[in-house]
Amino acid sequence: MKSKIKTVLIGINSKYVHTNLAIHYLRECVSMEVELLEYTINQPTHAIVSDILEHDFDVIGFSCYIWNMESIIKLSQVVKSVKKECVVILGGPEVSFHVGELLSAMPWVEYIVSGEGEEAFPLLLQDIQEGRVSQIENVYSKHKLIGSYGTVKEFDLVKFPYREADIQEKRIIYYEFSRGCPFNCSYCLSSTFRGVKCRDIELAKKELEFFVKRDVELVKFVDRTFNAHPKSLDLLRHLKEHGGNTLFHFEICADLLTEDWIEFLKTTPSELFQFEIGVQTTNAETMKEISRVTQLEKLYKNVKALKDMGNMHLHLDLIVGLPFEGIESFKKSFNDIFHLRPDALQIGFLKVLKGSEIELKSKEYEIICTPYAPYEVLQTKWLTYQEVAQLKWFEECVERYYNSEKFSHSILEYVKLFRAPFEAFSHLSVGLKKLLGLDKNVAFQELIKLLHASFFEHERGDEAREQFEKLLYLDYLCLGREKGRLEFLHSLEVQEKERVSKFYATQIEDIWETFPHYQGEKKESLQKNLSLYHFSHFKLNESNVWETPVIVAFDYGKREKSQKAEYKIIVETSLEM
Ligand code: B12
Ligand code: SF4
């Protein structure tokens, strides 16, 4: 071995925007040279291998998660076959359990670190450097098949993981204020160990300033239940004053929210905080079985309160495949949660995580899951394979028509046609399946056409038709300037160029008042960013109806985070119908 060993740590992210926090921590806790290399699961193995092998290293560590394990099995084997002298180390949640089995299935791997790595990793590198084999409790090898799951004792002593060069535009930064979870949901890895370690609030404030000063767009807290940290609200108060232009994302438990939290959140500006709330199910028997006791009434009340504030993005989660949740029960869970109108309703499919309590009970629950990572549910005692497959299309449909926010006006009008939201998305998903087939790439216009056709499968009067088409057209225009009229929106009479032109001539002050950042600009200059459309009668929703003509003005110069144009409605005063 060389006098000073060199290590590369590999993170394989699920998408380019994500980053691997673990390898950043590990780099900071060793005094030897460590280089970080990050890729995505969508890049071809040969391209990643050749990039890795352009670097000089003696030790290579892979950070293993459920989404990248398949890639890492291939990558580590290929790297080792070409560079036989290197030492391969695996670490991360996906290799922290059943370690002996993994070592025998992957004979090219020298070491596996189980659990948290900040204490074990530097000791292991020291051993490798000095050619010595000591007994580090949570480090396994073919010579040491007994050990335990590692946890660091002093979380505050774990160094801040980021350096200046780590901050890259358009990538999410992950931050950890607490480690561990006070709850014990049986499908989650947190069910395997207890205890929460909290970072000192003053230390956290200083660390977060690093991101704010560098104008990081999005900081996601990886805390499993952020509001379980006793100082969480104090930290939010601090971020309200010192959060700069950064958006902060948290996973919270909604039924734990206190009055203080609710009162405080009413005072926060939009685009400062966003919250992800895991509901998972509303079935009481399921909740009991998975040891996740949610006070639903409190959750509904708090989510409604947050929603009414309108100053934050709310993301709610459900899981398909939990014990006692058959199709009827899932329908109910979906409808219960959809009525809260979250900004996103994410439907996940149960993953039978290695080391989780549900893994131990999977025989009892008759769970069949994919035999490779991510061990996703295919069938359970309560759900047939056909039902799971149907729910996959359902989820795709909710993603494209609801969570994407591309159809935010028209989809709610569509849902009204059905007795319950589940039926609406279920019906639409049949068409989506036919449209997509085995190919997931489809033009946005095709999705519009499908929604339009599906709406008109149901007998509708002229008024309803016109209303729906206007909302669909509004969604279309929010995403970009009109590129050729959508020919199937036949009944619309909008955008008469002459009227719009006259509007510029007679009511330009109204435009300036509505969009103060264009104050004083002339028509030609305004037209570079704004598009105006004239609608004769316009009903945005039950409480916003204009009998008089309106101009809908889209500001393409100032897009929201979702890339949609902001639009405002200006009532025409100087023109007659
Ligand atoms: C960020 C995150 C994501 C991101 C992905 C980030 C990325 N880089 O691509 C997103 C949001 C996309 C995501 C998605 C999913 N995730 Co996720 N996610 C996380 C989260 C919140 C943070 C991970 C993290 O950075 N933790 C902080 C670091 C410091 O802790 P750590 O990862 O455990 O790392 C320590 C040790 O493991 C070890 N270590 C790690 N790597 C290495 C490498 C070496 C060489 C060594 C020595 C040690 C070592 O040392 C580290 C420091 O102590 C965790 C929950 C959590 N708080 O950990 C879940 C978690 C990782 N996710 C999980 C799951 C199940 C999922 C989903 C499958 C959920 C779903 N939708 O069904 C999806 C899958 C995505 C896909 N495309 O298939 C599970 C993973 C279990 C597993 N076996 O991998 C976790 C643990 C949550 C849980 N339920 O228990 N996730
Ligand atoms: S699912 Fe969430 S609340 Fe439940 S144990 Fe896991 S991290 Fe904690």
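1. Ligand 1 lies between two domains in this predicted model. Domain 1 (6–140) and domain 2 (162–383) both give residues to the shell around the ligand, so it sits between them. The domain bounds come from an automatic or database assignment.

2. The shell around ligand 1 holds 36 residues. Gly61, Ser63, Gly91, Gly117 and Leu189 come nearest to the ligand. Four elements give two or more residues each: strand 1 (6–13), helix 1 (21–28), strand 3 (59–63) and strand 4 (87–91). Helix 1 has the largest share, with 4 residues.

3. Next, the make-up of that shell. By class, 18 of its residues are nonpolar. Another 12 are polar, and 6 are charged.

4. Now the sheet. It is open and is built from 6 strands. Their order is 2-1-3-4-5-6, with mixed pairing. Strand 2 (33–40) and strand 6 (139–140) are the edge strands. Each of these two pairs on one side only.

5. Which way do strand 1 and strand 2 run relative to each other, parallel or antiparallel? They run parallel, joined by 8 bridges. Within this pairing, leucine 9 has leucine 36 of strand 2 as its bridge partner.

6. Helix 3 (residues 69–82) packs on the sheet. The helix touches strand 1, strand 3 and strand 4. Its direction makes about 170 degrees with that of strand 3. Strand 1, strand 3 and strand 4 also give residues to the shell around ligand 1.

Definitions and conventions:
Residues are numbered from 1 along each chain as its sequence is written. Chains are lettered from A and ligands numbered from 1 in the order in which they are written. This is a predicted model: local features need pLDDT of at least 70, side-chain atom pairs count only at pLDDT 80 or more; totals for chains, interfaces and linings use all residues. A residue is near a molecule or strand if its C-beta atom, placed from the backbone, lies within 6 Å of it. Ala, Val, Leu, Ile, Met, Phe, Trp, Tyr, Cys and Pro count as nonpolar, Asp, Glu, Lys and Arg as charged, and the others, Gly among them, as polar. Two strands pair if DSSP finds at least two bridges between them. Two residues are in contact if their C-beta atoms, placed from the backbone, lie within 7 Å. Axes are lines fitted to C-alpha atoms, for helices over the stretch in contact, and angles run from 0 to 180 degrees between N-to-C directions.
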